[in-house]
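Biologist: Take me closely through the strand pairing and the helix packing here. Start from one residue pair and work outward.

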Amino acid sequence: MGSQEVSSTVDWQGKHVTVAGLGVSGVPAARALHERGALVTVVNDGDDERARAQAAELETLGVTVRLGDGATLPPSTELVVTAPGWQPDKPLFLAAAEAGVPVWGDVELAWRLRGDDGRKPAPWLAVTGTNGKTTTVRMLASILRAAGLRTEAVGNIGVSLLDAVVGETEYDVLAVELSSYQLHWAPSLRAHSAAVLNLAPDHLDWHGSMEAYAADKGRVYEGNTVACVYNVADPATEDLVREADVEEGCRAIGFTLGAPGPSQLGVVDGILVDRAFVADRHKQAQELAEVSDVDPPAPHNIANALAAAALARAFGVQPAAVRDGLRAFRPDAHRIEHVADLDEVRYVDDSKATNTHATEASLAAYDSIVWIAGGLAKGATFDELVIGAAKRLRGVVLIGADRALIREALTRHAPEVPVVDLDRTDTGAMSEAVARAAELARPGDTVLLAPACASMDMFTNYNKRGEAFADAVRARADESA
């Protein structure tokens with residue numbers, strides 16, 4: 001990628017920079033570079049209404065924008081700054097490599113620009129992983145605020161990291177969510193401390209292999225100064241710590257849902273405890289919070305809380321702030337969100353569970369489930385998921401384009417579980433899915449929307465899918481009122 005050779009201090013005046021992509025990352029990147037005197041050209045594949053509005057905004061500043069052509073490298077380009085989702089094999093990047101032009105991501109640019117206005121840059125506490133990133137980063141920010149620190153949850157969470165770095169607000173520390181895409185293009189990043197929550201196959205079409213995907217996730221540990229936080233239950237995350245080149249004195253800190261060993265955080269008798277950041281980790285354990293302080297107290301969410309607590313403790317946060325921050329935290333919508341109880345049946349929206357790994361964690365949170373699943377499988381297979389969940393399933397309602405893949409896994413591994421296969425992909429199918437799930441459910445059951453698939457075959461995004469589920473549940477509640 002060549003960007004390793006570029007000095008961290010750049011004279012941007014008159015430098016020809018191509019920004020690949022608009023959106024949440026591209027617009028702030030173009031603006032920041034233009035303000036520093038760079039000659040910026042933005043290239044963008046799309047030419048829709050939103051892109052045209054963003055282009056118009058940038059063009060009033062003097063930025064050149066080319067819509068509908070993201071493949072051609074503009075002449076004289078000295079640096080490419082890319083939006084995270086652009087695949088490495090795009091012609092633009094191949095042309096840049098052939099011309100010896102470095103490619104940075106938005107995270108790399110933010111890292112390079114931190115402190116260029118003379119202010120002391122805020123340290124980064126970074127979080128990545130296949131699932132749980134956003135929840136963990138938001139938990140972490142809540143804990144840091146409870147400690148009285150000026151902070152923000154930024155990055156892949158949908159809040160521009162670049163704006164946080166170059167904006168007017170001064171922060172003590174930043175809670176940074178990083179995707180594998182962003183890490184791929186961020187070779188210089190050196191976090192204070194970082195966590196990899198878990199690793200499961202995802203985005204393999206982008207990375208090319210599981211090994212390449214894991215390697216990009218592992219970049220988050222490179223150069224860490226205080227702590228590399230890993231998941232004891234997922235040895236692949238500890239392997240990444242072992243492979244990382246960190247600063248001398250940086251420690252490996254594990255988190256576990258069981259009793260923690262030395263240099264770990266874990267759970268003992270319903271209490272989150274710390275045996276890592278105490279005076280004598282071989283003999284002492286510090287109580288941080290109760291499991292009941294975590295909302296919701298599902299196993300994978302407790303793991304998220306432990307990872308957030310580990311990063312906060314690595315930054316010197318006191319135990320009381322961990323407890324207060326977790327108590328203050330409220331999860332985002334469509335993440336194991338309790339919608340209603342009807343006829344002694346709980347209805348839960350986990351539309352954010354768009355892959356099998358997330359759905360496995362969601363299914364593990366309940367004992368008797370009527371599962372609503374299906375959508376776009378993105379190349380996933382469902383055998384392991386069904387094998388693990390079979391004993392918990394009261395019934396299954398399938399929706400979406402690739403529902404047959406889940407039905408076949410159910411036939412192989414849970415043939416006794418009743419399955420309703422809805423042969424429709426219109427948005428109204430969700431109302432029927434909820435109605436059929438209600439017919440299967442018994443008092444004490446949970447009707448769980450955890451699709452294990454992407455939503456775009458039927459809905460704009462997972463938010464709309466979750467809203468359709470919640471609307472259908474509430475409509476039933478109104479009818480029975």
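Modeller: H16 sits opposite L39 of strand 2, in what is a predicted model. That pair belongs to the match between strand 1 (residues 16-20) and strand 2 (residues 39-44). The two strands run parallel, and five bridges hold the pairing.

Step back to the sheet around them. Five strands form an open sheet with the order 3-2-1-4-5. The pairing is parallel. The edges are strand 3 (64-67) and strand 5 (103-105). Each has a single partner strand, so one side of each lacks a neighbour in the sheet. From one strand to the next, the twist averages 20°.

Two helices lie across this sheet. Helix 3 (residues 91-99) touches strand 1, strand 2, strand 4 (79-82) and strand 5. Its direction is at about 150° to strand 4. Helix 4 (residues 106-113) lies across strand 4 and strand 5. Helix 4 runs at about 85° to strand 5.

Now the other sheet. Nine strands form an open sheet, ordered 7-8-6-9-10-11-12-13-14. Here the pairing is mixed. Strand 7 (153-155) and strand 14 (286-290) are the edge strands. Both have a single partner strand, so one side of each is left open within the sheet. The twist from strand to strand averages 25°.

Within that order, look at strand 6 (residues 124-128) and strand 8 (residues 174-177). They run parallel and are joined by four bridges. A126 faces V176 of strand 8 across the pairing. Helix 5 packs on this sheet and touches strand 6, strand 7 and strand 8. The directions of helix 5 and strand 8 differ by about 180°.

Helix 5 also has helical partners. Take helix 12 first. Helix 5 covers residues 133-146, and helix 12 covers residues 319-328. Their axes lie 7 Å apart, and they pack at about 125°. That angle falls between 115 and 145 degrees, so helix 5 counts as oblique to helix 12. The crossing of helix 5 and helix 12 is right-handed. From helix 5, the contact draws on M139, S142, I143 and A146. Helix 12 contributes A321, V322, D324, G325, L326 and A328. By class, this contact holds seven nonpolar residues, two polar and one charged.

Next, helix 11 (residues 299-314). The axes of helix 5 and helix 11 come within 8 Å and cross at roughly 45°. With 35 degrees as the cut-off for roughly parallel and 65 as the start of roughly perpendicular, helix 5 is therefore oblique to helix 11. Helix 5 passes helix 11 in a right-handed crossing. On the helix 5 side, the residues are T135, T136, M139, L140 and I143. They meet N301, N304, A305, A307, A308, A309, L311 and A312 of helix 11. The contact of helix 5 with helix 11 has nine nonpolar, four polar and no charged residues. M139 and I143 appear in both contacts, with helix 12 and with helix 11.

A word on confidence. The chain averages a pLDDT of 92, and 96% of the residues score at least 70. Residues 1-7 stay under 50. For that stretch, the model has 17 contacts beyond four places in sequence.

Key. Residues are numbered from 1 along each chain as its sequence is written. This is a predicted model: local features need pLDDT of at least 70, side-chain atom pairs count only at pLDDT 80 or more; totals for chains, interfaces and linings use all residues. Side-chain values use heavy atoms; hydrogens and water are left out. Axes are lines fitted to C-alpha atoms, for helices over the stretch in contact, and angles run from 0 to 180 degrees between N-to-C directions. A crossing is left-handed if the near helix is turned anticlockwise from the far one by less than a right angle, and right-handed if clockwise. Contact means heavy atoms within 4.5 Å. Ala, Val, Leu, Ile, Met, Phe, Trp, Tyr, Cys and Pro count as nonpolar, Asp, Glu, Lys and Arg as charged, and the others, Gly among them, as polar. pLDDT is the predictor's confidence in each residue, from 0 to 100. Two strands pair if DSSP finds at least two bridges between them.
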